[in-house]
Amino acid sequence: MIKKFIDKLLGKASGSKNAKISKFGKREDVPVSVHGIDRSLVDQRALDVVHTLKQAGFEAYIVGGAVRDLLLGLRPKDFDVATSATPEQVKSLFRRAFIIGRRFRIVHVVYGRGREHEMIEVSTFRAYLDSADAEQVSGNERTSKGELASMKHAVDASGRVLRDNVWGPIEQDAARRDFSINAMYYDPESQVVVDFHNGIRDAKKLTLRMIGDAATRYREDPVRIIRAVRFAAKLSGLGFKFDAKTLAPLASSHKLLADVPQSRLFDEMLKLLQTGHSLASVEQLRAVGLNTGIYPLLDVVVERADDPFVKLALQDTDRRVGESKPVAPSFLLACVLWADVRKGWSQRLQPRGNQRPPPAFGALQDAVDEVFESRIGDVSGRGKLGADMREIWMMQPRFDKRVGTSPFSLVDQARFRAGFDFLRLRAQVGEIEEELAHWWETFQNASDEIREDMVDAQRKVNQPKGGAGGARRVKRTDADHPASATEPDPRFRAAGVADNDEDGDDDNAPAEAGASADGTTAPAKKRRRRRRKPGGAGGAAGQGGATEGSGD
């Protein structure tokens with residue numbers, strides 16, 4: 001009581017009140033005539049969510065980056081909604097709604113199925129709490145899971161927020177947000193923008209300004225360091241720049257990221273590289289001094305961003321995002337690490353001494369395993385991501401085989417398109433012949449008949465061409481095949497046909513052997529083969545046989 005009385009006499013009470021107003025900002029309801037947002041740019045599903053919540057008696061606004069983009073005349077790709085309803089109350093209002101998250105409990109309201117699947121993220125207004133008042137745990141999310149289960153507001157030893165599920169009013173929710181341009185609330189029904197921290201002013205001045213003390217905000221959630229780079233990269237094309245107080249502690253705070261789970265850093269890295277501004281993100285990381293030290297795999301991306309192959313992959317990713325086409329992290333990471341795989345593959349294919357080089361596929365598999373072990377780490381356990389990267393790499397030598405049934409089975413594989421896009425980039429940088437990529441591009445779009453013709457033509461190209469002394473394979477149907485020869489059997493001879501003696505006489509036969517009494521030619525007699533009998537009889541028999549066979 002005495003302290004309050006003294007503070008009141010000294011005027012500290014009013015000063016404390018002003019500080020409280022400054023912390024939570026000053027609410028301004030900005031009409032459409034001032035902010036100029038085009039309501040037609042708002043997704044109908046987001047309008048439905050806001051309308052449903054308001055009909056149930058809750059406050060509800062479109063919030064965050066969507067409001068920023070709408071204010072800049074851009075069509076947002078994602079819409080988030082903030083409301084005074086708790087997650088359980090939100091879930092009860094929608095047929096397909098799911099509560100997710102532990103650190104921040106939010107609700108996903110799902111529309112459509114399959115490729116038409118869309119989601120609106122709904123969060124509850126959160127109270128602004130001082131980290132000094134939070135419960136503290138000695139470990140992190142994993143080691144202190146049991147303790148955190150019963151806590152609503154908890155921090156670790158460094159001041160990083162591990163739990164923040166205390167609900168509060170909208171002005172405290174705004175104070176919790178990171179940048180002023182992300183702390184605006186848009187009511188699409190009244191078309192009023194609620195602004196607490198001069199977000200509209202900063203948007204017009206093209207300034208990225210952190211709400212509150214930047215160093216403290218980075219310490220509360222170090223991932224804000226990466227988010228700051230991402231926002232700067234995304235908005236750099238429009239001329240946005242960091243506020244001096246926001247930029248000053250950015251690089252020096254990167255050590256705080258050591259306490260962030262690797263899985264969360266990996267997800268933030270993918271957001272940097274897959275939001276359509278990957279090259280700009282790399283430039284921002286270099287500009288603010290964060291080209292190393294955030295995440296090992298991201299360090300490799302920044303290091304190799306100027307490599308022609310990696311640069312083409314980054315450009316291709318940005319292009320696909322700009323065209324609203326899907327992008328896969330496995331493809332981009334496979335491109336980034338291809339230099340390591342290719343080097344290891346080439347080294348393994350070199351013969352060692354008198355040994356034969358290993359099979360190409362086996363050598364490639366070993367090289368891939370080595371890269372996963374040295375570069376990717378725990379990402380290798382992420383199931384589909386690692387499997388897709390392996391499949392893209394292992395598909396490359398199969399593109400060299402364009403005969404037989406291999407092309408038909410390859411083009412039917414689920415990951416063929418990713419493997420072909422990878423091949424196409426290799427051709428663009430001159431790693432392989434462009435003719436190979438062109439052949440496969442034609443093959444995958446051709447009819448079955450044309451595919452058969454292409455494979456037949458390739459088979460003929462692959463056949464070795466016979467030289468002047470090359471042996472020709474003689475078919476059985478050819479005229480010069482031995483089976484078609486018409487030479488007479490040497491065991492038989494027609495009458496009157498002489499042997500190959502120069503005088504035409506048979507030296508071994510009697511002169512009268514083939515002649516008749518009237519001088520005409522008679523058929524030659526068939527000679528008998530003499531048999532030898534065992535013992536002495538054999539000799540007599542032989543001689544007798546000779547006399548009998550000669551005739552008179």
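Helix H21 (406-411), helix H22 (416-428) and helix H24 (448-462) are among the elements that cover the buried residues of helix H23, contact meaning heavy atoms within 4.5 Å. The model is predicted, with local features requiring pLDDT of at least 70 and side-chain atom pairs pLDDT 80 or more, while totals for chains, interfaces and linings use all residues. Residues are numbered from 1 along each chain as its sequence is written, and side-chain values use heavy atoms, without hydrogens and water. Helices are DSSP runs (H or I, at least four residues), numbered from the N terminus.

The buried residues of H23 (under 20% relative accessible area, 1.4 Å probe, protein chains only) are Leu436, Ala437, Trp439, Trp440, Phe443 and Gln444. Because they cover an arc of only 155 degrees around the axis, they lie on the same side of H23; the arc is taken from the directions from the helix axis to the C-beta atoms. Glu434, His438 and Asn445, which are exposed (over 50%), occupy the face of H23 turned away from the buried side.

Two helix pairings are listed below; axes are lines fitted to C-alpha atoms over the stretch in contact, and angles run from 0 to 180 degrees between N-to-C directions.

| Pair | Angle | Axis separation |
|---|---|---|
| H23 and H24 | about 150 degrees | 9 Å |
| H13 (residues 262-273) and H15 (residues 296-304) | about 25 degrees | 9 Å |

The second pair is thus roughly parallel (under 35 degrees). Phe266, Met269, Leu272 and Leu273 of H13 meet Leu297, Leu298 and Val301 of H15.

Key: Helix = DSSP H or I, 4+ residues; strand = E, 2+ residues; numbered from the N terminus. Parallel < 35°, antiparallel > 145°, perpendicular 65-115°, else oblique.
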